Structures are given as structure tokens and as C-alpha cells.
Amino acid sequence: MSDNTETAELLFERHGAVSVVRLNRPEARNALTVAMMQGIGAAALEAESDPEIRALLLTGAGDRAFCSGMDLRAFSSGASFSDEDRDTAAYLRLARGKLSVPVVGAANGSAIGGGLELLLGGDVLIASEDAKFAFPEIKRGLIPGGGGTFIGTRIPMNIALEMTLTGDPITAARGYEIGLVNAVVPADQVFATALDFAQRIAANAPLGLAACKELVRLAVDDAAEADKRLTHWQGKVFTSDDAKEGAMAFLEKRAPVWQGR
């Protein structure tokens, strides 16, 4: 069973240890407003602070788009945000892959500009076979300034350059071929597949999840710093109560009961 709460622009659900945030502006291709980014940030903070939440899943309403990026009309009307705002700062950390809990993206449709940047903040990405991904900012005299220029840490550099320099979209199938996407499925299977990934992740020990997420990402950007952090995490994880519980559960042939410590 899942618990559901609703706002005008976002839907929130709980599926066991998985917190789900659904962008809920299908009529506007789920374009992001300031209020939506702050709401996503608030959900991210909750996921980090609530020990019962072990994974965050992001998806969109409708079948046209996961997210078409920023709502330019809203921003042109004067709406703005500052990273000094607690929720906004959390949204930006999420988009930059800095959230401590694992994040699964369920691209029910295309992800463009800021929508793709939001998915890049995730750790596993499931896409509809009809989805497309693009950074069209260059066609408007802009750049993908919300983290899109770091896409070369996720895919080969020449393809990252192709996407950012041409602004042309790629299909979900090509996204899978280049390693951007973990799985491509029919549109009606996207959420269920993503939820299955999230639940399999959430079944594991919280400290181990946080350590793996930080270390794997850091190794791509700064191997020397990752080596230092590995020493820190080795001491923390291998002496934890959860490490002892994992061993006992294995010997006793039962499911482990994690404490996150």
C-alpha cells in the first residue's frame, strides 16, 4: 500500500521505504516552476532525514514528458529562487548528484534541458521507449547551466559534446547504448520498473548505500579524494551494527533488519 498526498504541481507517494515525487503539470509538459523545485527540495531533505526512507524516485505525470525544463513564462514573469533558501539548496544538491540517499529517475516521457539535468542528479534511470533527451539551450544562445555541462561524467565525452554543441535530441535507445539509461521499457511499464529498482536498492543497508553512492561518484570526478573518503567509509561501515547484522542474517538465513548505524 502507498500513502498519497497531493499539491497543485507535485504528487507525493510512499511505497514502503521508497519516497516518490511526481511532477504534476502534464498540460505544461511538467515544466518546472520555482515552487516545484522547492517542493522537490523539501522531499529530498525529508528523504535524507527520515530513516524509514532509503530511496527517492522521481517521475512525471502524463505520457508526453518527464519534464521540459524550466517554465520560461514563470521565470520571465519575475519568479526567481536563491540557493540560500533551504529547499532550493536541497534541490540543487539533488540535481548535482549530492543527495546522500539513492535517487531513481523514471522518465515517463522526454526530458529536456533542466528536466534532463534533474535526471542526471539521479543514480539509476529508467526510460520510456518513446522518451528523448536533449540540451537545446545552445540553440537559444544559452548553455545547460544547471549541471548539464557535467554530462561527460556519465557518457563518453564526444557524445556529451555532440549533445551540448548541437542541441539535438537523442532517443531512449541511444541513451541506453551510451550508458545514460539503465533500462528502456514500454511507457506503461516505466514506473513499475523504476519502483522495482528503487525497492531493491532500498532493501540494502543505509550506510552502505550512502558510502557506495558517494565513493562511486567521487571516483569519477576526483580519484585522490575518493581514496581518502574510502578510508573514512571503511572504518564507518565495517564496524557498524549493520555490518554485524548483515553477517548474522546471512548465517541465520533471514532477511536483515537494518538500523542505519
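Begin the tour by selecting helix α1, whose 16 residues should span 22 Å at 1.5 Å a residue, and whose end C-alpha atoms are 23 Å apart, which agrees. Keep in mind throughout that this is a predicted model.

With α1 still selected, colour its buried positions: Val-34, Met-36, Met-37, Gly-39, Ile-40, Gly-41, Ala-43, Ala-44, Leu-45 and Ala-47 are buried in this helix.

Next, extend the selection from the helix to the nonpolar core. The largest such core has 42 residues, and the members that touch the most others are Ile-40, Leu-58, Phe-66, Phe-133 and Leu-180. Helix α1, residues 34–49, supplies the largest share of this core, with 6 residues. A second core, separate from this one, is made of 17 residues, among them Ala-183, Val-185, Val-190 and Ala-202. As a general background to both selections, nonpolar side chains tend to be buried together in soluble globular proteins.

Now turn to the charged side chains, where the structure holds 13 salt bridges. Select Arg-25 and Asp-71, which form one of them, with the closest N and O atoms 2.8 Å apart. This pair links distant parts of the chain, since Arg-25 sits in the loop between β3 (18–23) and α1, while Asp-71 sits in the loop between β5 (65–67) and α2 (72–76), 46 residues apart. Are these two residues buried or exposed? Both Arg-25 and Asp-71 are buried.

The next stop is Asp-123, which should be displayed together with Lys-213 and Arg-217, as these three residues are linked in a network of salt bridges. Look first at Asp-123 and Lys-213, whose side chains meet in a salt bridge with an N to O distance of 3.0 Å. Asp-123 lies in the loop between α4 (114–120) and β8 (124–128), whereas Lys-213 belongs to helix α8 (residues 206–221), so this pair ties together parts that are 90 residues apart in sequence. Colouring by accessibility shows Asp-123 as partly exposed, with a relative accessible area of 25%, whereas Lys-213, at 9% relative accessibility, counts as buried because the cut-off for that class is under 20%.

Staying with Asp-123, bring Arg-217 into view: these two residues also form a salt bridge, and their closest N and O atoms are 3.0 Å apart. Arg-217 is likewise in helix α8 while Asp-123 is in the loop between α4 and β8, so here the parts tied together are 94 residues apart in sequence. Arg-217 is partly exposed, with a relative accessible area of 22%.

From there, move to strand β2 (residues 10–15) and select Glu-13, which lies within this strand. Which side chains does Glu-13 contact through polar atoms? One is the side chain of His-15, with which the Glu-13 side chain makes a polar contact of 2.8 Å, and another is the side chain of Arg-22, joined to that of Glu-13 by a polar contact of 3.2 Å. Glu-13 itself is buried, with a relative accessible area of 12%.

Finish on the surface, by showing Met-157, Leu-161 and Leu-165, which make a nonpolar patch of about 340 Å². Leu-161 can be located in helix α5, residues 157–166, and Leu-161 is partly exposed, with a relative accessible area of 40%.

Note on methods:
Residues numbered from 1 in each chain as written. Predicted model: local features only at pLDDT ≥ 70, side-chain atom pairs only at ≥ 80, totals over all residues. Heavy atoms only, no water. Core = buried A, V, L, I, M, F, W, Y, C linked by side-chain atoms within 4.5 Å. Buried < 20%, exposed > 50% of the residue type's maximum accessible area, 1.4 Å probe, protein only. Helix = DSSP H or I, 4+ residues; strand = E, 2+ residues; numbered from the N terminus. Salt bridge = Lys/Arg side-chain N within 4 Å of Asp/Glu carboxyl O. Expected span 1.5 Å × (residues − 1). Patch = residues over 30% accessible without salt bridge, like charges linked within 9 Å, V, L, I, M, F, W, Y side chains within 5 Å. Areas by Shrake-Rupley, 256 points an atom, 1.4 Å probe, with all protein chains shown as cover. Polar contact = N/O pair within 3.5 Å; in protein donor to acceptor, adjacent residues only side chain to side chain.
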